[in-house]
Amino acid sequence: FPNRLRMDSGDDMELDTGSRVTGIRLPCPRHLVGRVIGPGGSNIRRLQEESGAQIKIDSTVDPPLVSIYGPLKAQEKARIGVMRITDPPKLVLKCDRKFVGQVIGPKGSMIRSIREKSGGARIQVDSNAAGGPTITITGDIQAIQAASMIIRRIIDPPRQVIRAPRKRLGVLIGPGGSMLRKIKKETGANIDIDDTKTEEEARITISGLNLEIVHRALEIVRPILWPATRELTCDRSVVGRLIGPGGKNIRLLQEELKVKINVDSPPGAEQAKVVISCEDPSKLNPALHRVLDIVRPMSGDLECPEGVVGVLIGDDGETLKQMRAACGEGVYIEVVGGSKTSKASGGQNGKETQNTVTIRVQVPANASRSKLERAMAIVKCEIKDAIKTQDYIGKEGRMA
């Protein structure tokens, strides 16, 4: 066959003209033979076309040999191309085990993305390497550098370490880790909690691909760990009004205002402490005003003869309900204190004594004075009508 190429046992290739051209033989790890050849021989064809050299692979020996023939410049160019595959430049990075999954990505998606963005760098992750997982990056220098920058941002990301009270960790974690998952979904940040039981505070590390992500997560985490709070004191007598039957009032307030309200009312103390807290500081003042309206309302007192209190309250409290409705939203009317003795006209020396009780009329702290005066006028009129009526028949005095 004219111009047939024949490999002999040496490093030469003999042409049928009798001329001899010295060749190069390179050992190739067996597991890389397929990579040198490429799918359907694509890699070896590309190397031959780019270099102008002839490349043959002998897989019958161990290790397999890659033989390169042609002009010296073509041989050198082909050799460099083959060495980039069989012994490419590489960079080995150590990786904390917790970042391995992020480097690989779901079904290898992150590795594929890094390869594409870096210009062809190959990434191999060894999770079982001695001394901890390693990441080996191979390819040309530019690709290695580009890939290493991306990987370093994953395995050594910007981070912020904070210490927080252990008692708030449950709120930060959420039921079954739901809060942590929500923060990661919203910001892309990773939150690691080192909760050493022997310490009062836990160590929390927030990390992300960039500082913007870390700061965004911190804006969410800080109010959870250190919620905005306001404290106020009030008379213990109004605590029941704030809490409501079975805690109904305080639950409704918390749901409506998106805050947490805690009441500390020690037995025997004259004052109770109310603490309002929330993660969103903008909700704090509106909640404070609502609570103040309940525990520190604007009020006025009226005296009512003890004998007609039942008439004023009405059957099953019906008259009292009607008075509250007539006074308007937010007005509270109640009987406070026990019976006391006061002077009334018509007794000895023009005066006589009678037992009275106090009727207190209250409006929200932010209401106008005129609203209180109007409500008191309505109640005063009802007291006068009750005195005239003197109706003691029925279920008077029973609160609804």
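Two strands are said to pair when DSSP finds at least two bridges between them, and with that in mind the reader can turn to this predicted model and begin with an open sheet of three strands, whose order is 7-9-8 and whose pairing is antiparallel. The edge positions are held by strand 7, residues 90-94, and strand 8, residues 122-126, each of which pairs on one side only. From one strand to the next, the twist of this sheet averages 20°.

Within the sheet, strand 8 and strand 9, the latter covering residues 134-138, are joined in the antiparallel sense over five bridges; glutamine 124, for instance, has threonine 136 of strand 9 as its bridge partner. Lying across strand 7, strand 8 and strand 9 is helix 6, residues 141-155, which runs at about 5° to strand 7.

Further along the chain, attention shifts to buried side chains. In soluble globular proteins, nonpolar side chains tend to be buried together. The largest nonpolar core of this model has 24 residues, and among those with the most contacts inside it are Cys304, Val331, Ile333 and Ile359. Two or more residues apiece are supplied to this core by strand 16 (298-305), helix 13 (309-313), helix 14 (318-327), strand 18 (351-363) and helix 15 (369-389), with helix 15 giving the largest share, six residues.

Valine 331 illustrates the surroundings of one such core residue: when its neighbours within four places in sequence are left aside, valine 331 is in contact with Arg324, Val361, Gln362, Val363, Lys371 and Ala375. A second core, separate from this one, has 20 residues, including Leu232, Cys234, Leu242 and Val295.

Technical notes: Residues are numbered from 1 along each chain as its sequence is written. This is a predicted model: local features need pLDDT of at least 70, side-chain atom pairs count only at pLDDT 80 or more; totals for chains, interfaces and linings use all residues. Side-chain values use heavy atoms; hydrogens and water are left out. A nonpolar core is a set of buried Ala, Val, Leu, Ile, Met, Phe, Trp, Tyr and Cys residues joined through side-chain atoms within 4.5 Å. Buried means under 20% relative accessible area, exposed over 50%, partly exposed in between (1.4 Å probe, protein chains only). Helices (H or I, at least four residues) and strands (E, at least two) are DSSP runs, numbered from the N terminus. Contact means heavy atoms within 4.5 Å. Axes are lines fitted to C-alpha atoms, for helices over the stretch in contact, and angles run from 0 to 180 degrees between N-to-C directions.
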